[in-house]
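Biologist: I would like to learn how to read a model of this kind, beginning with the fold of a chain and moving on to its pockets. Could you take me through it step by step?

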Amino acid sequence: MNIWTPEQIHSEVREQCDVCVVGTGAGGAVSGAILAQAGLDVLFLEEGPMVKTEAFSSDARRSIPTLYRHSGITPIAGRRGSRVIFSEGRCVGGSTVLNAGICYRTPRHVLEQWQTQEGLKDFGPEGLDPYFQQVEQRISVQEVPRAFWSRDTFLLEEGAKRLGWHTTPIKRNIRLEEGAASCLSQCSTLCTQGCPTATKQSALITYMEDALAAGARLYTGARAESVLTEPLKNRRQARGVQGWIVDRNGKTGKRAPIPFHVQAKAVVLAGGAIQTPHLLFRSGLSTRNGQVGQNLYLHPNTKIIGLFDEPIEAWRGSIQGLQVDQFADEGCTFFITFLPPGIMAFGLPMHGEPAYEVMQQYRHLAHWGVLIEDTHSGAVLPARGPDPNIRYDITPADRERILTGIERLATLFFSAGARRLLLPLKRLHEIRQPEEVRKIKGLDPPVSDIDLFTVHAMGTCRMSASVARGVVNPSQEHFEVDRLFISDASVFPGPTRVNPMLTIMALATRAATNLLQRTF
Amino acid sequence: MSNPEKFLQAFMGVVLPKIPEQEAMAQQTLASALVMLGALPVRLHRVLRAAMTLFDLGGIGYRCGGRPFTRMNVDQRQRYVAWIQRLQIGPLLDFIKLMSGLLMFAFYQDPRLWPRIGYAIDADIIKQGVVRDEHLDPRTDSQ
């Protein structure tokens, strides 16, 4: 047995290993698997629970508080009353268990920008190609066949075609074997609660399985409190991790807290762009250049709910199969998503009888979004207590971009045949005619009046060749702490403009390969 | 003085539609909303608890009977919330939206409601009730 849960632990834990990996999402699982398969003794620490495929529930009342940090509601505040709700996984496999499985390679121009800006020599598309290939093969990245498209995907395509807007098929990490068709034709709403058919090739059922099969050990319900270091000449060197065994909410509870200590020759942090800098601050390991926690990018996005005359039953079919990228160069991309009834109701701009009237037309609803490439960054700041202090402002330029995105998305909906739109604006809940689209900008809503969400946090421990600009070097090792590596979206030098999962996994592959060259 | 359970119970009368299943679903709705509330970030959780108390006390000054929100009848509660919404005060609107969001989530996610809205998933995909029940513990302790 190499998996421990909080229920099995009754006294202080003391462990030793070669590499301690904090987090089991896209970055941690890949790093740990590669290191374990190379023969290193790897120990994972995961704050959330391990929920296996056969235990995923269609009942979001159970799965959301279990699998998501803060039930998926982490508010990120900024000036002028702006608020972005951030959701991330807190379970074995991390957000890869809960996302739609969209797999994009980092766009060429983004990589070239990172290369030039941060002096990352091998960061061109060619340099990273072997790592992308390796990941794509392991998690089975492929285009979603049209046969599995949901009805609203076809409506999106028709609407875009009428407007002359460009669309691109989406690739996902899906295993299409005999029998899988029944899954993809039925479960659009379940992706966000864990794929119950193992069609989505999340880190839980790929890299974590590889790692555990190679002998890695896993502690669940283990919250890392700090990275342990020791002096090394005029620097420091990582020597382990300590923390607490926690309950389902990530808290130590009222019982006497149970501590754990892991002694390791190297430590890999992979808690994501919010938790990793928070852990560095708690450990007293911010860099002299003040860059830890800075450069937070979020890809803020917002959604419109459209009502169509025809029943769509948008939960039937793959959650995403197509995106509209006509305005990608302007930092604006349109996508489809669909939500189970409870989460859909959560996002409605009304409650009571008017909300019920909308929900009775659930079969006629489509739920499309617009994702914005942010031009301005926020920060994760030092904080006392268990939760990080996150600041992120929506600048006037980004607000303009968001409102333009909402207008265009509304236009797309009407072009696709929608007859009523529910908007993410506090003072304009709905419009029913294409002519009303101009009301959106005409209203000139402040940022505090726009409902914004994100599942993409990036860039708080920037990778750079420059000690003055980065938290980690091009090998993803902390500039001031030997043998402390970071392998998650926090190392991104900027926003990827696309879903970041594949980039995280490719960089984790590269970092783990580099780490194997080191001798301990 | 309001507590989260009493407050959410009172708020349910404002947020949920009047349908025959409502009473049967009420207890589960409340329990699920409390679980969601308990899992929120500690700072937000504290702010919400304070806001619930203030909202409840604010009812005393409201003309519908001049009593706390949790002791008003349903009609009075609905009028009170509608009045607050008309004031268009951002933080209050956010508070009402989050509270109603938690309850609406818990209510509409109840499979007993799904036939009414036409939602159905193939039975062979659903693996019901397999996330253990201790995750539905209604306690809201955040420490």
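Biologist: What share of the contacts in chain B with a separation of 6 or more comes from residues 24 or more positions apart?

Modeller: Bearing in mind that this is a predicted model, residues 24 or more positions apart account for 70% of those contacts in chain B. A contact here means heavy atoms within 4.5 Å.

Biologist: Which elements does chain B have, and in what pattern do they follow along the sequence?

Modeller: Chain B has six helices and zero strands, so that, by the DSSP runs used to assign elements, the pattern along its sequence reads α-α-α-α-α-α. Of its 143 residues, 53% count as buried, and of the accessible surface of chain B, about 6500 Å², carbon and sulfur atoms hold 55%.

Biologist: How is empty space found, and what volume does the second largest pocket have?

Modeller: A probe the size of a water molecule, rolled over the atoms, shows where empty space is left. The second largest pocket has a volume of about 1100 Å³, and 44 residues line this pocket, with A:Pro75, A:Arg83, A:Ile85, B:Leu44 and B:Asp94 lying nearest its centre. Among the elements that give two or more residues to the lining are strands S4 (74-77) and S5 (83-86) of chain A, together with helices H3 (42-61) and H5 (90-108) of chain B.

Biologist: Which element gives the most to that lining, and how many residues does it give?

Modeller: H5(B) gives the most, with six residues, while the lining as a whole divides into 22 nonpolar, ten polar and twelve charged residues.

Notes. Residues numbered from 1 in each chain as written. Chains lettered and ligands numbered in written order. Predicted model: local features only at pLDDT ≥ 70, side-chain atom pairs only at ≥ 80, totals over all residues. Heavy atoms only, no water. 1 Å grid on protein atoms, 1.4 Å probe; cavity = no way out; pocket = protein on both sides within 12 Å on 5 of 7 lines; lining within 4 Å. Points joined across faces, edges and corners; volume = space filled by probe spheres on them. Helix = DSSP H or I, 4+ residues; strand = E, 2+ residues; numbered from the N terminus. Nonpolar A, V, L, I, M, F, W, Y, C, P; charged D, E, K, R; others polar. Buried < 20%, exposed > 50% of the residue type's maximum accessible area, 1.4 Å probe, protein only. Areas by Shrake-Rupley, 256 points an atom, 1.4 Å probe, with all protein chains shown as cover.
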